Amino acid sequence: MNTVSQRSEDSFSEDRLLRAADVQEQLGMSRAKVYRLMQHNVLPTVRIGGSVRVPRKTLFKWIEGNTLPGRRVVL
């Protein structure tokens with residue numbers, strides 16, 4: 001695959017809209033929990049007709065924005 005088509009494919013992947021099952025896999029939580037987060041507008045979503053999707057790029061920004069810094073613990 002040449003670099004132009006590789007770049008095009010990479011940006012397509014970044015702009016992909018994720019289904020609840022995809023988000024479930026990324027976050028490692030139940031699909032029901034993902035649907036609740038979508039329903040209560042905790043996760044950033046895009047609504048298209050009756051479908052709800054999460055933009056992949058936005059999901060990772062959301063994760064970064066909601067990640068708390070760890071604390072060093074001496075045991």
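Four helices and three strands make up the protein, as represented here by a predicted model. In sequence order, these elements follow the pattern α-β-α-α-β-β-α. A helix therefore opens the pattern and a helix closes it, as read along the chain under the assignment of helices and strands used here.

Several totals describe the chain as a whole. Of its 75 residues, 15% count as buried. The exposed surface of the protein amounts to about 6,100 Å², and carbon and sulfur atoms supply 51% of that area. Among the contacts with a separation of 6 or more, 40% are accounted for by residues 24 or more positions apart.

The pairing of two helices was examined next. Helix H2 comprises residues 20-27 and helix H3 comprises residues 31-39. Their axes come within 9 Å and cross at roughly 110 degrees. Because angles of 65 to 115 degrees fall in the perpendicular class, H2 is roughly perpendicular to H3. On the H2 side, the contact is formed by Ala20, Ala21, Val23 and Gln24; on the H3 side, Arg31, Val34, Tyr35 and Met38 take part. By class, the residues of this contact are six nonpolar, one polar and one charged. Gln24 is the polar member and Arg31 the charged member under the classification applied.

Two leucine residues illustrate contacts between parts of the chain that are separated in sequence. Leu18 lies in strand E1, which spans residues 17-18. The relative accessibility of Leu18 is 3%, and Leu18 therefore counts as buried, the cut-off being under 20%. Apart from neighbours within four places in sequence, the contacts of Leu18 are Val23, Val52, Arg53, Val54, Arg56 and Leu59. One of these, Val23, also belongs to the H2 side of the contact with H3. Pro55 stands 37 residues from Leu18 along the chain, yet the C-alpha atoms of these two residues are separated by 6.0 Å.

Leu27 is located in helix H2. With a relative accessible area of 23%, Leu27 is partly exposed, because this value lies between the limits of 20% for buried and 50% for exposed residues. When neighbours within four places in sequence are set aside, Leu27 is in contact with Leu59 and Ile63. The C-alpha atoms of Leu27 and Ile63 are separated by 9.0 Å, the two residues being 36 positions apart along the chain. Leu59 thus appears in the contacts of Leu18 and also in those of Leu27.

Notes. Residues are numbered from 1 along each chain as its sequence is written. This is a predicted model: local features need pLDDT of at least 70, side-chain atom pairs count only at pLDDT 80 or more; totals for chains, interfaces and linings use all residues. Side-chain values use heavy atoms; hydrogens and water are left out. Buried means under 20% relative accessible area, exposed over 50%, partly exposed in between (1.4 Å probe, protein chains only). Contact means heavy atoms within 4.5 Å. Accessible areas come from the Shrake-Rupley method with a 1.4 Å probe; for residues, only the protein chains shown count as cover. Axes are lines fitted to C-alpha atoms, for helices over the stretch in contact, and angles run from 0 to 180 degrees between N-to-C directions. Angles under 35 degrees count as roughly parallel, over 145 as roughly antiparallel, 65 to 115 as roughly perpendicular and the rest as oblique.
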